[in-house]
Amino acid sequence: MKKSIFISIFAMMALMSTSCSKDEQSKGISFTAACPKTKAVETTTTSLQNDGTFWWDGWCAGSYDFTSKTATWDSANTVWNTTEYWPDDYTKALDFWAYAPNAFGTITYASDHSTMSFNYAPASAGTNAAVDQKDLIVAYAANNTFNQAGHVDHRVPLVFNHALAAIRYKVGDITAYSTYAQRITSISFNDLAASGTCVAATDGTFAWTPSTAKASYTQAFGGAAITTGEVLNDRIDGAMLMIVPQTLTSANTMTLAWSLDGVAQTSRIKALNTASGITLEAGKIYTFTIGIDENQPIVFSVTVTDWVDEEITL
């Protein structure tokens, strides 16, 4: 009897020890993240930390599948924590997909998790509600183990990439018309793809198929007097129009609401000079330079830059 009691107590202690190990932070799954600088249409979101969370899925061959999990920013410890744990066998490797915000709708993965597919439509498509749109970012990390070399404090490093294209507006040279008080109230970009389907690859690239359905998106800029070289998006904390990557043609137009010497002008629609087409790619910012003379606005040129990566955790 005493031997049986002793064995039972020993078994209980072993069980308690095993369950307690699951509470040790060192064995929980956590992440560091490099997030591209992002000022999408919601002007308060400048990095993942402002949003406070991202979503992730993870797999290990044959077991330990994690789906629709969240990682939460811990500012005190500069780490993205989860409530999930590494496999008890620390040699088992996990693959991770991560994304933010949780606005992708239905996500499907290839059987080997080599691609992530989803449908996307900017919020309130067709209602000129550019301020409701989100900047979509995606990351992938393969073959991660708990004790992997190079992982600081067992944290899995994630590098997020932009899935959408960004558009902003700049004032051209209006020096010749400086005697006029010219103001731009808003700009609408017309005949853009209203949605799209995307296949994200593990190398950080995105293959988009834009919808045939079209929509217009408007950004308001307050109507203050414009100056040569001014980036109008700076008036709204750098917020940019986020759209499905697509090819622009002369069918795409811009509608400007503007005023001259305090007199509101009829909004004018300008066709883009895109006879050869302009292909908007994911992760790039397209700046349209717009000038206004005493008669009408003119689209001068388009320049392209990449987002710059910013390490947001240490």
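Start by selecting Lys69 in this predicted model; at 26% relative accessibility, Lys69 is partly exposed. Its side chain forms a salt bridge with that of Glu84, at 3.4 Å from N to O. The two residues are 15 apart and link distant parts of the chain, with Lys69 in strand S3 (residues 63–74) and Glu84 in strand S4 (residues 79–85). Now colour Glu84 by accessibility: its relative accessible area is 17%, so Glu84 counts as buried, under the 20% limit. The bridge therefore joins a buried acid, Glu84, to a partly exposed base, Lys69.

A search of the whole structure gives 4 salt bridges. Go next to Arg235 and Glu230, whose side chains meet in one of them at 2.6 Å, N to O. Arg235 is partly exposed, with a relative accessible area of 24%, whereas Glu230 is buried at 17%.

For another, select Lys284 and Asp306; the N to O distance in this salt bridge is 2.7 Å. This pair also links distant parts of the chain: Lys284 belongs to strand S21 (residues 284–292) and Asp306 to strand S22 (residues 297–306), 22 residues apart. Both ends are partly exposed, Lys284 at 21% relative accessible area and Asp306 at 47%.

Move to the loop between strand S7 (115–120) and strand S8 (137–144), and pick out Asp135. Is Asp135 buried or exposed? Asp135 is buried, with a relative accessibility of 6%. Show the side chain of His162 as well: the side chain of Asp135 makes a polar contact with it at 3.1 Å.

Next, display the largest nonpolar core, which has 29 residues. Ile167, Tyr169, Ile187, Phe189, Met254 and Phe288 have the most contacts inside this core. Two or more core residues come from each of strand S10 (165–171), strand S11 (182–193), strand S14 (214–220), strand S15 (241–243), strand S17 (253–260) and S21. The last of these, S21, is also the strand that holds Lys284 of the salt bridge with Asp306.

Centre the view on Tyr169 and list what it touches, leaving out residues up to four places away in sequence. Among its contacts are Ile187, Phe189, Met254 and Phe288, which also appear with Tyr169 among the residues having the most contacts inside the core. Others include Gln219, Phe221, Val231, Leu232, Asn233, Leu241 and Ile290. Tyr169 also touches Glu230, the buried residue already seen in the salt bridge with Arg235.

Apart from the largest nonpolar core lies another, of 23 residues. To find this second core, select Phe31, Ala33, Phe54 and Ala100, which are among its members.

The last stop is an open sheet of 4 strands, in the order S6-S7-S12-S13, with antiparallel pairing. Which strands form its edges? They are strand S6 (107–109) and strand S13 (206–210), each pairing on one side only. With direction ignored, neighbouring strands of this sheet are turned by 15° against each other on average. Strand S7 of this sheet is also the strand that precedes the loop holding Asp135.

Finish at the edge formed by S13. Strand S12 (residues 196–201) runs antiparallel to S13, and 5 bridges join them. Select Ala200 and look across to S13, where Phe206 stands opposite.

Note on methods:
Residues are numbered from 1 along each chain as its sequence is written. This is a predicted model: local features need pLDDT of at least 70, side-chain atom pairs count only at pLDDT 80 or more; totals for chains, interfaces and linings use all residues. Side-chain values use heavy atoms; hydrogens and water are left out. Buried means under 20% relative accessible area, exposed over 50%, partly exposed in between (1.4 Å probe, protein chains only). A polar contact is a pair of N or O atoms within 3.5 Å; within protein, one must be able to donate a hydrogen and the other to accept it, and residues adjacent in sequence count only if both atoms are side-chain atoms. A nonpolar core is a set of buried Ala, Val, Leu, Ile, Met, Phe, Trp, Tyr and Cys residues joined through side-chain atoms within 4.5 Å. Contact means heavy atoms within 4.5 Å. Two strands pair if DSSP finds at least two bridges between them. Axes are lines fitted to C-alpha atoms, for helices over the stretch in contact, and angles run from 0 to 180 degrees between N-to-C directions.
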